[in-house]
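Dear colleague,

Please find below the structure that I am handing over to you. I would be grateful if you could look through it before reading the findings set out underneath.

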There are 2 protein chains.
Amino acid sequence: MRRMTARPANAHQARLLRLLRDGGPNSRAQLGDQVDLSRSKLAVEVDRLLETELVVADGLAASRGGRRSHNIRLNPHLRFLGVDIGATSVDVAVTNAELEILGHINQPMDVREGPVAVFEQVLSMAAKLKATGIAEGFDGAGIGVPGPVRFPEGIPVAPPIMPGWDGFPVREALSQELGCPVMVDNDVNLMALGEQHAGVARTVADFLCVKIGTGIGCGIVVGGEVYRGTTGSAGDIGHIQAVPDGRPCACGNRGCLEAHFSGAALALDATEAAVQQRSPELAVRLEANGTLSAVDVAAAAAAGDATALDLIREGGNRTGQVIAGLVSFFNPGLVVIGGGVTGLGHTLLAAIRTQVYRGSLPLATGNLPIVLGELGPTAGVIGAARLISDHLFSPA
Amino acid sequence: MRRMTARPANAHQARLLRLLRDGGPNSRAQLGDQVDLSRSKLAVEVDRLLETELVVADGLAASRGGRRSHNIRLNPHLRFLGVDIGATSVDVAVTNAELEILGHINQPMDVREGPVAVFEQVLSMAAKLKATGIAEGFDGAGIGVPGPVRFPEGIPVAPPIMPGWDGFPVREALSQELGCPVMVDNDVNLMALGEQHAGVARTVADFLCVKIGTGIGCGIVVGGEVYRGTTGSAGDIGHIQAVPDGRPCACGNRGCLEAHFSGAALALDATEAAVQQRSPELAVRLEANGTLSAVDVAAAAAAGDATALDLIREGGNRTGQVIAGLVSFFNPGLVVIGGGVTGLGHTLLAAIRTQVYRGSLPLATGNLPIVLGELGPTAGVIGAARLISDHLFSPA
DNA sequence: CTACTTTTTCCACTCTCAGGACAAAGAAGG
DNA sequence: CCTTCTTTGTCCTGAGAGTGGAAAAAGTAG
């Protein structure tokens with residue numbers, strides 16, 4: 001099938017496309033209620049969008065008491081590819097233009113194998129999804145990587161956990177391979193975009209999205225837009241000092257949050273506890289698998305293991321202290337906690353909440369929800385699709 | 001004199017007004033180079049602005065190789081009032097429309113005397129400035145208060161150090177008294193606006209402006225706009241924990257940055273050092289004045305007093321640690337240090353720099369200037385004038 | 001079948017705006 | 001002083017965008 005290459009010609013068209021993306025099929029009249037354009041002007045813009053085939057007619061809408069309106073929807077053949085490259089696994093999903101997931105695969109993979117190997121993997125996963133018949137090609141792709149990105153060019157810069165990627169032209173390369181526009185961003189930012197689009201943050205303009213996975217990062221949304229900082233490293237909170245003179249960290253400092261709590265740190269602590277026989281639950285699991293991860297800690301905690309619960313609580317306290325500082329500074333309307341360790345669930349959340357509500361002033365915390373992400377592992381890929389759709393649904 | 005009440009009728013006019021404000025008198029042709037409007041359109045908009053008397057003709061410009069152009073400038077009779085209410089003193093200044101200070105008074109005053117007393121003071125200071133003949137009335141006023149503000153309404157909310165002000169309709173009241181539009185903001189945000197307009201931050205889109213005075217606050221500028229947070233308390237970094245289990249703070253917690261370093265904390269530490277005879281310089285000054293302030297510490301440090309230097313260094317280290325966290329999180333393009341204690345100067349700056357450059361990742365600090373504010377005590381009042389001019393020079 | 005709503009199309013009129021032509025004002029050079 | 005070139009400012013016209021009224025089309029409710 002021929003891929004769509006058209007772009008909205010002006011801000012009005014872009015606005016309409018986004019309304020259709022976020023609100024699904026809509027009648028012309030309903031669109032008119034939302035955009036403050038004259039009937040004639042609206043008709044003209046819709047007609048032009050129909051010409052570009054970005055949107056299509058879609059039958060009649062229900063009557064609102066009079067003549068029934070013709071429905072308009074985004075072209076149902078449009079397909080976006082959402083790619084979320086984590087430290088230890090890759091998620092690839094296909095969405096339609098409304099960013100609904102049509103297919104989703106996850107595979108373990110170490111990002112340190114480098115961009116070439118990872119891309120091969122990603123492309124084969126994309127091919128596998130295509131083979132199921134849900135897509136014949138892609139109109140755009142969004143991709144998240146676990147490190148800072150020079151956003152306009154889509155190039156990772158000095159990413160600590162993926163050294164081989166520094167300066168690799170991800171956007172350019174993937175665009176070549178896929179033959180469609182590509183946008184690249186930090187995986188944490190994409191999680192924030194995902195939760196904003198389809199998750200808990202739908203109605204909030206300013207919020208923080210803390211992702212606790214192999215590392216710890218924080219997506220920052222200001223006025224509905226992701227804030228990336230001067231060099232693209234905004235939200236890199238894993239190396240904020242959480243414990244004075246604490247554990248040494250890979251970054252060269254001591255006491256970094258990430259050194260004390262993250263998927264990796266938690267696995268280490270759990271292993272130590274198991275070896276020292278402080279936790280029967282964890283010891284059993286270590287024996288069984290030969291290794292421990294955050295998932296084991298979650299399971300042990302669910303089984304009531306005191307040591308596992310302590311580990312989670314302590315980590316939550318540390319994280320909560322750091323977040324408390326960020327809340328004082330940023331005064332967000334919402335804090336979302338997500339990432340691989342959300343399996344730790346309410347024990348973690350309770351610890352974080354306690355620290356934040358205690359450590360920040362009432363004016364900042366008074367009406368501040370602190371919640372787990374709604375979307376789990378799909379947040380990243382939805383965010384990735386959202387990223388590229390935002391790009392494509394803006395004036396050329 | 002009749003005050004100007006006109007406002008720009010559209011975005012083009014607003015743009016032109018801001019260009020004239022920031023760039024001073026300009027020829028029509030030069031304006032044309034900057035705004036991407038057709039000559040005819042530009043001429044129309046300029047004519048309309050001339051009609052409103054917001055701008056006036058101002059003689060002929062130098063030739064650029066052909067016919068000389070007629071200069072345009074903002075009406076030289078326009079006057080803005082900039083008010084900066086600190087914890088212990090009040091600054092009032094009068095500016096022209098280009099935000100140049102024409103007159104400036106500072107008077108000590110305790111903000112805790114409440115809004116009525118402070119307003120009386122402010123109005124009498126404004127009257128005094130008027131009496132010098134630099135202004136016959138005011139076309140707008142900006143006012144900064146040392147606490148969080150609900151910005152759209154211009155009402156302080158739950159300000160810790162000025163309890164009597166909670167909920168007081170500052171904007172409304174002052175607008176009544178002065179008979180002109182008024183905007184209210186946090187004093188730290190105004191300092192940031194001031195440094196952005198006329199100081200070190202002229203060319204930077206994303207920066208932090210840390211003000212160390214009686215308390216500690218931080219102005220946040222994102223994409224050239226001040227970010228105020230969900231409830232107007234963004235930047236309230238004085239109560240971030242800097243020392244685990246540190247000194248008790250007025251807010252109820254322990255170890256807040258403000259409890260360990262600020263104008264007030266520094267005075268306390270200095271007095272203690274003097275009483276304990278650890279610092280001859282400070283002891284002499286205590287004897288002479290009966291009390292010590294940050295200024296005395298600065299003087300003692302300048303005289304080479306080791307204890308004073310230590311106090312500054314330690315405070316700088318604490319502040320620097322907190323800023324290091326903020327830099328990791330926010331990835332600014334510039335950090336400005338200002339406020340009453342900037343007299344501590346380079347000792348303080350050096351300590352802060354050391355901590356930030358050590359405590360944040362290279363990607364965030366690599367090209368990050370950390371500098372003292374350029375404007376000193378005028379930053380606040382210039383920022384206040386900028387605030388109201390931004391408001392007035394935007395489409396009605 | 002009638003009266004009323006809502007949606008959509010059509011159309012005439014207004015308004016904006018870009019850009020060309022030209023006049024005005026000055027610079028540079030002889 | 002005169003000629004030629006450059007820049008600036010004004011005027012004007014034609015293209016196009018956009019508004020809002022009117023009427024047709026397509027329903028609903030009774």
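The notes below deal with the two protein chains and then with the two DNA strands.

Please bear in mind that this is a predicted model.

Chain A is superposed on chain B by a rotation of 180° with 0.1 Å of shift along its axis, and the RMSD is 0.1 Å. The two copies are therefore related as by a two-fold rotation axis. Both copies use the same surface, since 100% of the contact residues of chain A recur in chain B. Within chain A, the residue closest to the rotation axis is A:L326, whose C-alpha lies at 3.9 Å.

I turn next to DNA strand D. There are 22 residues around this strand, and those that come nearest are A:S38, A:S40, A:R67, B:G66 and B:R67. At least two residues of the surface near DNA strand D are supplied by each of α3 (39-52) of chain A, α2 (28-35) of chain B and α3 (39-52) of chain B. By class, this surface has 8 charged, 11 polar and 3 nonpolar residues.

DNA strand C likewise has 22 residues around it, of which A:G66, A:R67, B:S38, B:S40 and B:R67 come nearest. Here α2 (28-35) and α3 of chain A, along with α3 of chain B, each supply at least two residues of the surface near the strand. The residues near DNA strand C divide into 11 polar, 8 charged and 3 nonpolar.

Yours faithfully

Conventions
Residues numbered from 1 in each chain as written. Chains lettered and ligands numbered in written order. Predicted model: local features only at pLDDT ≥ 70, side-chain atom pairs only at ≥ 80, totals over all residues. Least-squares fit on C-alpha atoms with pLDDT ≥ 70 in both. Contact = placed C-beta atoms within 7 Å. Near = placed C-beta within 6 Å. Helix = DSSP H or I, 4+ residues; strand = E, 2+ residues; numbered from the N terminus. Nonpolar A, V, L, I, M, F, W, Y, C, P; charged D, E, K, R; others polar.
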